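I opened the model to follow how its strands pair, within chains and between them. My notes are below, in the order of the lookups.

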Amino acid sequence: MPKIAVFIEQRDGEVKKVAWQMLGEARRIVDAAGGAGSEAVGVLLGAPGGNGDIAKHAGAHGAQKLFAARHELFKTYNAEAWATALVKFCHAQKPDLLLMGATAIGKDIGPKVAQRLGCACISDSIRITCEGGIVIRRPIFAGKCYVDVVPKTTPAIVGIRPNAFALTESPGAAAPEETFDPGVAGIDTKATVVEVQAAAGRKVELTEAEVIVSGGRGLKGPENYHLIEELAASLGAAAGASRAIVDAGWVDHSHQVGQTGKTVSPNVYIACGISGAIQHLAGMSSAKCIVAINKDPNAPIFKVADYGVVGDLFQILPAFKAEVEKLRG
Amino acid sequence: MKIAVCVKQVPDSETRINLKAPSPKLDESGFTRVLNPYDAFAVEEAVRIREKNAGTEITAITIGPDRVKETIKKDCLAVGCDKAVIVNDPALADADEAGIAAVLAAVLKRESYDLILTGKQAIDDDCAQVGVRIAEALGLPHVSVVVKLEFAGGGLTAHREIEGGIEVVQAKLPAVITCQKGLNEPRLPSLPNIMKAGAKPMQMLKCADLGMQPPARTYDVKLYSPPPARAACKVIKSEDDPAAAARELARLLHEEAKVI
């Protein structure tokens, strides 16, 4: 105890960064707890023939073993097939915890696996401790409060927020790989993905971004949102928006950060022309560093910001972008 | 067509969360309770489907104490649901997601619904589980985080939000859909409809009526805590020289915070 399994989520052969973050943390917990049977393992569902070096990466990120199932049904996401395989894995390997990234797939498959196993599912968690017993911390009320919970089932499915855990890598052997039969032959796949439509332009995803530049009503009009996009591009960042400008139709809802938008956990969140309504703060207050640029020195955003510039964003944003470009050479 | 909409009454998004001792306790005295915003998309979608399919019947289903009746009347029945089922059982006050899903599944099993709609998550616990758990409990296909929904030939096509785009998913009915912002614009109930809502049937049930014991919890809540306090803001004034302010900001973020 504890035996922690980590779901190595892949899309088109590319493993989600959160999987490596979770593996590193699982290994740290397991090494610290050190009881009999404690182990950090990865579980991968992949397309046939692919993913040759995942075992190597898994080892570098802390996995002591990699359980892999390969099947046509793992080429695209399918809730029935993927849940069937993960349930089979849990029955065979009996982990105490199965960690999954709080990604589109993770948030969809986690509750389904938990329901089928009759076990706990702890969503969007940010901390796991194992001193005597397992305690999991997660934000509720859009981050206005944290709750610590103790699972009562084995396993417990634990959804982990991207960037909650740091990415660490150490040179090491590839994790020994063990293949398992996912048991999906002949199942009714129920809901099937027929198409994946990528958003125009290869933009950085908000929920996974390390740097986010976000714009609000201070931009005055949709024709000025390019200032946000250009600064974001110069930083390799994702571009976000407050609810006000999404509701006004200046940008698509997929940009919205906040209680009825996306919850983000970047290293740095740069809020431009955003006053800082409680619902917006709820979506970004767990950012490690918050920067606010606003002409109103009394804007609530300055209460949560680590750095603030009081001034005209139409002058500051281009000047800041120039400084960023100088830094990045 | 028979549609069920599973909804939850939650504290509104303006609510400040105050902790009460001894932990774990929340001070609920200041809560203004509303229909979970994501469930409003579900109610609206049901009503729009009915506008295109005459003879569709919509049932709103919820779990909660007496106070939820107000939300059911104003935000479900007055907006267009035909009737409501409320499981009002004190033994469920402490139910977790697994327990809520078990009770809702038991209610849903009493009729043959063609479509079950619910919001993608409740804005109080943010778990985003119940819709998917219900589908699994009933053996039905589900699509979550749906921003567009169409029907054809006994099945549905749903557009679901994923990282960097949209997944287009097809499923046969009956199915469970969890609704995301952008699916539609919820209508506000008109005063005449709010008044008529009082006459629509609201059935009150207890666990015993569903032939079940209150479900056991799958996890225990040990502690509530406030988010960590943040250090005071370092303010850079810029009226005279925005370029200098920008330079200073870049320097601080690079050398001090080390984030760029």
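Which residue of strand 14 of chain B does A:P151 stand opposite? I looked this up in the model, which is a predicted one, and found B:Y219. I then read off the strands on both sides. Strand 10 of chain A covers residues 145-151, and strand 14 of chain B covers residues 219-225. Six bridges join the two, and they run antiparallel.

I turned to the other pairing between the chains. Strand 13 of chain A, residues 192-198, is joined by six bridges to strand 11 of chain B, residues 165-172. These strands also run antiparallel. Here I noted A:E195 opposite B:V168.

I followed strand 11 of chain B into its own chain. Strand 10 of chain B, residues 155-162, is antiparallel to strand 11 of chain B, with eight bridges between them. As one opposed pair I wrote down B:T157 and B:Q170. The two strands make a hairpin with two residues between them. In the turn, B:G164 has a positive phi, about 70 degrees.

Next I looked at a sheet with parallel pairing. It is open, and its six strands come in the order 15(A)-14(A)-16(A)-17(A)-18(A)-15(B). Why does this sheet have sides without a neighbour? Strand 15 of chain A (238-241) and strand 15 of chain B (234-237) stand at the edges with a single partner strand each, so one side of each has no neighbour in the sheet. On average, neighbouring strands are turned by 20 degrees against each other, direction ignored.

At the chain A edge I counted four bridges between strand 14 (residues 211-215) and strand 15 of chain A, which run parallel. A:S214 has A:G240 as its bridge partner in strand 15 of chain A. I then checked what packs on the sheet here. Helix 5 of chain A, residues 226-235, touches strand 14, strand 15 and strand 16 (268-272) of chain A. The direction of helix 5 makes about 175 degrees with that of strand 14 of chain A.

I took the totals for the contact between the chains. It takes 77 residues from chain A and 69 residues from chain B. On the chain A side, I have 43 nonpolar, 18 polar and 16 charged residues.

Last, I checked the division of chain B. Domain 1 spans 2-210 and domain 2 spans 231-260. I noted 46 Å between the C-alpha centres of these two domains of chain B.

Conventions:
Residues are numbered from 1 along each chain as its sequence is written. Chains are lettered from A and ligands numbered from 1 in the order in which they are written. This is a predicted model: local features need pLDDT of at least 70, side-chain atom pairs count only at pLDDT 80 or more; totals for chains, interfaces and linings use all residues. Two residues are in contact if their C-beta atoms, placed from the backbone, lie within 7 Å. Ala, Val, Leu, Ile, Met, Phe, Trp, Tyr, Cys and Pro count as nonpolar, Asp, Glu, Lys and Arg as charged, and the others, Gly among them, as polar. Two strands pair if DSSP finds at least two bridges between them. Axes are lines fitted to C-alpha atoms, for helices over the stretch in contact, and angles run from 0 to 180 degrees between N-to-C directions. Domain bounds come from an automatic or database domain assignment.
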